[in-house]
Amino acid sequence: MHTAEHLFYNATAILCRGSYASLKKLSAAHPTWEQAYAHIAPPRHDPEILLRALEARHISLILRNDSLFPKLLREIPHPPFGIYVRGILPMCSSFSHAPVAIVGTRKSTEHARISAGNFAVALGHHSVSVISGLALGIDAAAHAGALSLGIATYAVVGHGLDITYPSAHRRLADNIINDGGAIISEYPLGTDCMPYRFLERNRIVSGLSRAVVVIEAPEKSGALATARFALEQNRDVFVVPGPTHHSHYRGSHQLIRSGATLVRDPHDLLDDLGISSNSPSSPTPPQTVGCATLEESLIFTTISNAFDPIPLDKICEITKLSIHTVTSIITTLLLSYAIIETETGYIASNSRHR
């Protein structure tokens with residue numbers, strides 16, 4: 001339920017363009033957000049209209065002092081004054097039940113995307129949710145891995161929730177919400193995408209997590225910022241190594257040299273988190289989470305059930321669908337990282353047959 005403080009915080013945040021520094025200055029100078037707003041409000045500016053825009057989009061505003069504000073996030077250095085949420089926040093009864101963050105480069109290799117999906121699936125088999133940033137590459141593969149099991153996953157973005165960035169991930173974002181997860185931002189509606197905002201949001205990714213897993217991070221990857229925030233927040237940082245001379249892993253290897261824990265595979269991660277990876281999990285059948293049509297469900301199931309990568313013509317043969325229909329749907333599944341293209345065909349993002 002939104003109160004007067006929510007009303008005026010939202011209006012103030014919009015006037016400040018979501019700037020943490022400006023909000024911090026106003027918070028220090030005024031005991032309430034209503035007084036802060038009165039200090040900067042221009043004529044004919046209606047906070048009620050601004051709040052109704054939130055409610056019309058089914059977006060909740062949770063302030064730092066609200067009981068629903070995540071406890072882990074409240075305890076980090078520089079916690080946001082408020083967060084905007086589409087969906088359902090992770091309600092963690094303890095630190096050990098918090099999500100695990102999986103992050104890495106946007107310009108990822110196929111091998112790294114498969115790895116990210118496998119880590120998410122392994123965590124999901126033990127009912128551990130995944131948090132990331134909805135970006136291309138590793139982030140999307142991690143979200144897709146969780147969604148393939150129907151496990152809630154959470155995305156923290158660096159812009160207002162009235163837009164989806166990248167726009168190709170609109171369906172992925174909807175699937176996250178429909179499966180019981182959430183899209184989270186500290187920025188009000190109307191806040192556009194700027195590089196520094198994506199760096200700022202990384203402290204929230206790590207702040208909501210119990211640990212951070214870095215998969216394929218070049219020297220200047222934003223994932224390195226997430227790792228630094230995690231260390232400041234007393235979170236464990238795990239790194240998946242790669243080829244020694246591969247430029248995509250220079251940042252990853254530097255993290256390992258600096259003391260981050262090397263994990264070779266999901267079993268290492270589960271062991272280090274104190275989760276028994278030896279006890280067999282109940283096998284989970286391929287899911288058709290987020291499939292918009294029967295044809296899409298049929299194609300996704302066909303690819304998931306294939307022992308080896310399955311080529312386009314074989315998918316058409318099995319499904320009895322036209323090549324035009326199959327090509328169109330495969331493009332959609334690729335964009336949402338539900339499937340991955342290999343040299344010999346397509347595989348589900350959580351496939352164990354390589």
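In this predicted model, the buried residues of helix α1 are covered by several elements, including α2 (20-29), α3 (33-40), α4 (47-56), β1 and β2 (82-87). Helix α1 spans residues 4-15 and has 12 residues. From its first C-alpha to its last, the helix reaches 17 Å. This is close to the 16 Å expected at 1.5 Å a residue. The buried residues of α1 are H6, L7, F8, Y9, N10, A11, T12 and A13. Just after the helix, R17 takes a positive phi of about 55°.

T12 gives a detailed view of this region. The residue sits in helix α1. Its relative accessible area is 0%, so T12 counts as buried. Leaving aside neighbours within four places in sequence, T12 is in contact with L23, L26, W33, A36, Y37 and I40. L23 and L26 fall within the range of α2 (20-29). W33, A36, Y37 and I40 fall within that of α3 (33-40). Both helices are among the elements that cover the buried residues of α1.

The sheet comes next. Strands of a sheet pair through backbone hydrogen bonds, either parallel or antiparallel. Here, an open sheet of nine strands shows mixed pairing. The strand order is β1-β2-β6-β5-β4-β3-β7-β8-β9. At the edges lie β1 (60-63) and β9 (261-262), each of which pairs on one side only. Edge strand β1 is also among the elements covering α1. Strands β7 (residues 211-215) and β8 (residues 236-240) run parallel and are joined by five bridges. A211 has D236 as its bridge partner in β8.

Helices pack on this sheet. Helix α9 touches β3, β4, β5 and β7. The direction of α9 makes about 155° with that of β5. Helix α7 (residues 138-147) lies across β3 (100-104), β4 (130-132), β5 (153-156) and β7. It runs at about 140° to β3.

I256 was examined in helix α11 (residues 250-257). With a relative accessible area of 22%, I256 is partly exposed. Not counting residues up to four places away in sequence, I256 touches V239, P241 and L262. V239 falls within the range of strand β8 (residues 236-240). L262 falls within that of edge strand β9 (261-262). I256 and Y165 are 91 residues apart in sequence. In space, their C-alpha atoms are 31 Å apart.

Charged pairs were then considered. Side chains of opposite charge can pair when their charged atoms come close. A search of the whole structure finds seven salt bridges. One of them joins E296 and R171, with the closest N and O atoms 2.8 Å apart. E296 lies in helix α13 (residues 294-305) and R171 in helix α8 (residues 170-178), so the pair ties together parts that are 125 residues apart in sequence. The two partners differ in accessibility. E296 is buried, with a relative accessible area of 6%, whereas R171 is partly exposed at 31%.

A salt bridge also links R203 and E186, at 2.7 Å from N to O. R203 belongs to helix α9 (residues 195-207), while E186 belongs to the loop between β6 (182-185) and α9, so this pair ties together parts that are 17 residues apart in sequence. Both R203 and E186 are buried. Helix α9, which holds R203, is the helix described above as packing on the sheet.

R197 and D192 form a further salt bridge. Their closest N and O atoms are 2.7 Å apart. R197 is buried, at 6% relative accessibility. D192 is partly exposed, with a relative accessible area of 43%.

Cysteines were searched as well. The whole structure has zero disulfides. C193 is in no disulfide. The nearest cysteine sulfur, that of C16, is 19 Å away. A disulfide requires two cysteine sulfur atoms within 2.5 Å, so a separation of 19 Å rules out this pair. C193 is partly exposed, at 26% relative accessibility. C316 is buried, with a relative accessible area of 14%.

Notes
Residues are numbered from 1 along each chain as its sequence is written. This is a predicted model: local features need pLDDT of at least 70, side-chain atom pairs count only at pLDDT 80 or more; totals for chains, interfaces and linings use all residues. Side-chain values use heavy atoms; hydrogens and water are left out. A salt bridge is a side-chain nitrogen of Lys or Arg within 4 Å of a carboxyl oxygen of Asp or Glu. Helices (H or I, at least four residues) and strands (E, at least two) are DSSP runs, numbered from the N terminus. Buried means under 20% relative accessible area, exposed over 50%, partly exposed in between (1.4 Å probe, protein chains only). Two strands pair if DSSP finds at least two bridges between them. Contact means heavy atoms within 4.5 Å. Axes are lines fitted to C-alpha atoms, for helices over the stretch in contact, and angles run from 0 to 180 degrees between N-to-C directions. The expected span of a helix is 1.5 Å times one less than its number of residues.
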